[in-house]
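Welcome, and thanks for opening the viewer. Take a moment to rotate the model freely, then follow the stops below in order.

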Amino acid sequence: MPKVFIVYAHPEPRSFNGALRETAERAFKSLGDEVRVSDLYAMNFDPVARGSDFKDRQGLRLDY
């Protein structure tokens with residue numbers, strides 16, 4: 001069984017993007033695929049990387 005992972009990032013679930021996510025999820029499931037959705041806004045994901053995110057860098061240069 002194919003596995004599908006959808007990464008969704010929009011603050012309004014009733015938006016066009018939300019409708020696209022729901023449509024894609026339904027379509028894949030109707031084919032028998034296993035679907036997982038990661039909703040970044042629901043997880044309070046912060047996309048901004050900061051130097052303070054790296055607590056044990058021991059003077060090393062930040063290199064993403």
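Before we start, one term will help: a residue counts as buried when its relative accessible area is under 20%, as exposed when that area is over 50%, and as partly exposed in between. Please keep in mind, too, that this is a predicted model.

**Stop 1: the whole chain**

Begin with a cartoon view of everything. You should find 1 helix and 2 strands, and walking along the sequence you meet them in the pattern β-α-β. The radius of gyration is 17 Å, well over the 11 Å that the globule rule gives for 64 residues, so the protein is more spread out than a compact globule. If you draw a box along the principal axes, the C-alpha atoms fill roughly 50 × 30 × 15 Å.

Now switch on the surface. It comes to about 5,500 Å², and 55% of it belongs to carbon and sulfur atoms. Of the 64 residues, 17% count as buried. Contacts can also span the sequence: among those between residues at least 6 apart, 57% join residues at least 24 apart.

**Stop 2: the charges**

Colour the charged side chains next. There are 10 positive and 10 negative charges, and their mean positions lie 1 Å apart. Side chains of opposite charge can pair when their charged atoms come close. How many salt bridges does the protein have? The count comes to 5, and we will visit some of them.

**Stop 3: Arg-14 and Glu-12**

Select Arg-14 and Glu-12 and show their side chains. The two meet in a salt bridge, with 3.0 Å from N to O. Is Arg-14 buried or exposed? Its relative accessible area is 76%, over the 50% cut-off, so Arg-14 is exposed. Its partner Glu-12 is at 30% and counts as partly exposed.

**Stop 4: a network of salt bridges**

Move on to Arg-21, Glu-22, Glu-25 and Lys-29, and select them together: these residues are linked in a network of salt bridges. Look at Glu-22 and Arg-21, whose side chains meet at 3.8 Å, N to O. Glu-22 is partly exposed, with a relative accessible area of 36%, whereas Arg-21, at 19%, counts as buried.

Then turn to Glu-25 and Lys-29, where the closest N and O atoms of the salt bridge are 3.2 Å apart. Both residues sit in helix H1, which covers residues 16-30, and they are 4 residues apart, about one turn of the helix. Lys-29 is partly exposed at 46% relative accessibility.

**Stop 5: a closer look at Glu-25**

Keep Glu-25 selected and hide the rest of the network. Its relative accessibility is 17%, which is under 20%, so Glu-25 counts as buried. Which residues does Glu-25 contact, leaving aside its neighbours within four places in sequence? Add Ile-6, Val-35 and Val-37 to your selection, and you will have them on screen.

**Stop 6: Asn-44**

For the last stop, follow the chain past strand E2 (34-39); Asn-44 lies in the segment after it. Most residues other than glycine have a negative phi. Asn-44 is not a glycine, yet has a positive phi of about 55 degrees. With the surface switched back on, you can look for Asn-44 there: this residue is exposed, with a relative accessible area of 67%.

Note on methods:
Residues numbered from 1 in each chain as written. Predicted model: local features only at pLDDT ≥ 70, side-chain atom pairs only at ≥ 80, totals over all residues. Heavy atoms only, no water. Rg over C-alpha atoms; globule rule 2.2 N^0.38 Å. Buried < 20%, exposed > 50% of the residue type's maximum accessible area, 1.4 Å probe, protein only. Contact = heavy atoms within 4.5 Å. Areas by Shrake-Rupley, 256 points an atom, 1.4 Å probe, with all protein chains shown as cover. Lys, Arg positive; Asp, Glu negative; His and termini not counted. Charge placed at Lys NZ, Arg CZ, Asp CG, Glu CD. Salt bridge = Lys/Arg side-chain N within 4 Å of Asp/Glu carboxyl O.
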